[in-house]
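User: I have just opened this one and have never looked at it before. Could you walk me through it?

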Amino acid sequence: MNNESRYSGWIIFLYLLIAFLFGISVAINFLPSRKNVVMSNAQAGKLNEVLQYVDRYYVDSVKADTLFDQAISYILQSLDPHSSYATPEQNKAMMESLEGAFEGVGIQFNIMNDTVMVVATVSGGPAERSGIRAGDRIVSVDGKSMIGATNDKVYKSLRGKKGSKVKVGVRRPGSKDVAMYDLRRDVIPTYTVDVSYMVNKNTGYIKINEFGSTTAKEFTNAIQKLKNQGMTSMIVDLRGNSGGFLDAAIGVCDEMLSKNQKIVSVEGLKVRPEVFKATRKGSFQEGKVVILIDDFSASASEIVAGAIQDNDRGFVVGRRSFGKGLVQRQFNLSDNSTIRLTTARYHTPSGRCIQRDYKDGTEAYYEDVYNRLSSGELMNADSAKLDKSVSYTTVGGRTVYGGGGIMPDYYVPVDTNSALDGYYTVANTAALIQYAFHYANNHKADLKKQYPNATAFAAKMTVTDAQLNDALKVYTQLTKKSVPTLSNSSKQELKKWMKALIGRNLYGNDAFYPVVNASDKTMLKALEVLKK
């Protein structure tokens, strides 16, 4: 950062700090006096001097509304990684994603260091169908740079009427290349349970993509459906689930725990401690349970995983979760904007804190998830950063540790088999998705006649070598590169995903997940655990 931009950044910060502090001074004056909160007359006067100089001499014109928003955001972001400010427009978009339908491309994002990072894609939405995924960086929309863009600009650029098109430039972590995705906006569904189906005659599978206002009801309905099909063991997949409403997490736990069993506690310096417990007999209180988590399972997902683990209700399988255990309370401001202020921390039933350390700043905090690969953690559980100076005990007497997310009972490392290098090279483009989309559309009638439902498709459909070669032609057209060397393992993996993607275009997630999960190592480990 050059001196001029650093100087202007601080001017903006001071300008808005004055406005923000004066804006809340009336409310503060009604609170018990705290010397570290209320500004002295001298402090207020000094800041006001700076504001006057900015107003009289600053080189450029200043937009007050934008500066106010930026200053408030800066203040909150300096506290912790999850305290935040939202304009009225951002609030509307945020609530739509959890409570209602909206039209767009189906991307949840955060802005970090002037870069738009994809946090999650909405299952079944245009972005996910096209191959955009969590961790990708959006660098352009319709040819306009998104570097340094505000939240409002990103929302306005990506959202639009159903059927309209938008071209999104994406850079994947570790790559300098920018891939272009042509997306057609659609109505984005808000169902939070992606799929529920029977893996075998006794085991049901339920995938929850986030915790919204309808999650508890969807989860209860899914349990009842699968119990009617003979479910006595249940796998709940929370991989990639970044969280949502606390009430939704409690509602999900309520279905699996006995009345009065602890779910989560909330503790903070200035809030009354509160313990949330199961309130009734759950609809799946006695069957076996396994929870699946990974690096991007956060917040509400970690509450569920921690409650099941600490109560010894079931086992957790996968990799260490994200480690987001800060509680945000929303405060409404006079112009319908809001601040989400961290007021407390989540603690699992055994007392361990879910939140991992963020003393090195927000950037390092978020990059820690990606650094788990270089640190060796994704391949070896012993490399996980846990605070082992203090141990906690589950209801059944098992030792668990806190300070860094939820560590699974059974660890499943990422697959680093070099024989799959060719698969990753092809899969990291939109080739498979584009091929599957066009193939399913062009052969829909014949495919549905041959495979009349999702179950038949998953059980009987096979991808041929000729179809694989056709997909690889799409790869060369998109990348202008030759096809990489493909081992037999890479070919089989490509065929599996081609089948799953074709199935999704025909029957949605009911065909997609049974195909993908059939050889998924975390799923296979969960099934192994359930047999014990």
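User: Let me start with one residue: is Ser-299 buried or exposed?

Analyst: Ser-299 counts as buried, because its relative accessibility is 8%, and the cut-off for that label is under 20%. Please keep in mind throughout that this is a predicted model.

User: Where is Ser-299 found?

Analyst: Ser-299 sits in the loop that runs between strand E15 (288-293) and helix H9 (300-310). Its backbone deserves a look as well, since Ser-299 has a positive phi of about 55° although it is not a glycine.

User: Why mention the sign of phi?

Analyst: Because most residues other than glycine have a negative phi.

User: OK, and what about Asn-336, what is its phi?

Analyst: Asn-336, which is not a glycine, also has a positive phi, of about 75°. Asn-336 belongs to the loop between strand E17 (326-332) and strand E18 (338-347).

User: Buried or exposed, that Asn-336?

Analyst: Asn-336 counts as exposed, because its relative accessibility is 59% and the label applies over 50%. Ser-299, by contrast, counts as buried at 8%.

User: Let's zoom out. How many helices and strands does the protein have?

Analyst: There are 18 helices and 21 strands in the protein. Of its 532 residues, 48% are buried, and the accessible surface comes to about 26,600 Å², with 50% of that belonging to carbon and sulfur atoms.

User: What share of the contacts links residues far apart in the sequence, say 24 or more positions?

Analyst: Among contacts with a separation of 6 or more, 70% are between residues 24 or more positions apart.

User: Changing topic: how many disulfides does a search of the whole structure find?

Analyst: The search finds zero disulfides. As for individual cysteines, Cys-253 is buried, with a relative accessible area of 0%, and Cys-353 also counts as buried, at 15% relative accessibility.

User: Last one, Asp-520. Where does it lie?

Analyst: Asp-520 lies in the loop between helix H17 (509-517) and helix H18 (521-531). With a relative accessibility of 18%, Asp-520 counts as buried, given that the cut-off is under 20%.

User: And which backbone nitrogen lies 2.9 Å from a polar atom of the Asp-520 side chain?

Analyst: That is the backbone nitrogen of Met-523, which lies 2.9 Å from a polar side-chain atom of Asp-520.

Conventions: Residues numbered from 1 in each chain as written. Predicted model: local features only at pLDDT ≥ 70, side-chain atom pairs only at ≥ 80, totals over all residues. Heavy atoms only, no water. Helix = DSSP H or I, 4+ residues; strand = E, 2+ residues; numbered from the N terminus. Buried < 20%, exposed > 50% of the residue type's maximum accessible area, 1.4 Å probe, protein only. Contact = heavy atoms within 4.5 Å. Areas by Shrake-Rupley, 256 points an atom, 1.4 Å probe, with all protein chains shown as cover. Polar contact = N/O pair within 3.5 Å; in protein donor to acceptor, adjacent residues only side chain to side chain. Disulfide = S-S within 2.5 Å.
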